[in-house]
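Please look over the sequence and the model shown here before reading on. The report that follows takes up strand pairing, the nonpolar core, the cysteines and the backbone angles.

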Amino acid sequence: MMLISLADVFTSEGKDRRESIPFEPDRVSYMGNSYKICEKSPVNLIFTNIGIGKILLQGQMRLVLEIPCDRCLQVVHVPLALKFEQEIFAPDLSGQVESGDEQQNFMLGYELNVEAFVKGEILINMPVKVLCKPDCKGICKQCGHNLNEGECGCDTFVPDPRMASIKDIFNAGKEV
């Protein structure tokens, strides 16, 4: 857990501070799955005091995740360019954040948990659907063969269920 004390920025009106921090985790969890981070830049942060007990946090980071294609399950390198801007608030004397509707799970008193903050930004920016290519054919529903590599030879004919009663009429008329 990487913590940065922001007490000096919270208490000094108009103060700016810049930090470049390495992002340590090598995996990200999302929707019950864990994805490998194969490339990452440092987290570049700018802290600006914008009033009593308020800081404007701006920053950016680039990373590349290994995520399986949603159709064929082949690993895809997915680049994410994170840019964020958020106001953070100093805790009051009881340790509670003054703004009741702001959830700041990444703040511990006057310290910013960089890892928790960046993980939240990654989750916000995760792609909804990942494809290895726009025309990915997926996998065979019967044998699991990757159809991008060629046909598998399985019978893919699926009869229309609305025609089942007509099929029964034709089959009833045939002699065995």
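How many bridges join β8 to strand β9? Two bridges join β8 to β9 (residues 111–113), and the two strands run antiparallel; here two strands pair if DSSP finds at least two bridges between them, while helices (H or I, at least four residues) and strands (E, at least two) are DSSP runs, numbered from the N terminus.

The model is predicted, so that local features need pLDDT of at least 70 and side-chain atom pairs count only at pLDDT 80 or more, whereas totals for chains, interfaces and linings use all residues. Residues are numbered from 1 along each chain as its sequence is written, and side-chain values use heavy atoms, with hydrogens and water left out.

**Strand pairing**

Within the β8–β9 pair, L108 has E111 of β9 as its bridge partner. These strands belong to an open sheet of three strands in the order β1-β9-β8, with antiparallel pairing. Because β1 (3–5) and β8 (107–108) stand at the edges with a single partner strand each, one side of each is left without a neighbour in the sheet. Helix α2 lies across β1 and β9 and runs at about 45 degrees to β9, where axes are lines fitted to C-alpha atoms, for helices over the stretch in contact, and angles run from 0 to 180 degrees between N-to-C directions.

Elsewhere, strand β3 (residues 27–30) is joined to β4 (residues 33–40) by four bridges in an antiparallel arrangement, and R27 has K36 in β4 as its bridge partner. Strand β4 is also joined by four bridges to β6 (residues 54–68), again antiparallel, with E39 standing opposite V64 in β6.

**Nonpolar core**

A nonpolar core is a set of buried Ala, Val, Leu, Ile, Met, Phe, Trp, Tyr and Cys residues joined through side-chain atoms within 4.5 Å; buried means under 20% relative accessible area, exposed over 50% and partly exposed in between (1.4 Å probe, protein chains only). The largest such core has 37 residues, of which L6, L45, F47, L112, V118 and I122 touch the most other members. The elements that give two or more residues to this core are α1 (7–11), β4, β5 (43–51), β6, β7 (75–89) and α2 (114–125). Leaving aside neighbours within four places in sequence, F47 is in contact (heavy atoms within 4.5 Å) with residues including I4, L6, V9, I55, L56, L57 and L112, and also with K15, D16, R17 and E19.

**Cysteines**

With a disulfide taken as a pair of cysteine sulfur atoms within 2.5 Å, the count comes to zero. The sulfur of C136 is 3.7 Å from the closest cysteine sulfur, that of C132, which is too far for a bond. C152 is likewise in no disulfide, the nearest cysteine sulfur being that of C140 at 3.6 Å. C136 is buried at 6% relative accessible area, whereas C152 counts as partly exposed at 28%.

**Positive phi angles**

Most residues other than glycine have a negative phi. Two residues with a positive phi are set out below.

| Residue | Phi | Loop | Relative accessible area |
|---|---|---|---|
| M31 | about 55 degrees | between β3 and β4 | 71%, exposed |
| L73 | about 70 degrees | between β6 and β7 | 56%, exposed |

M31 lies in the turn of the hairpin formed by β3 and β4, which have two residues between them.
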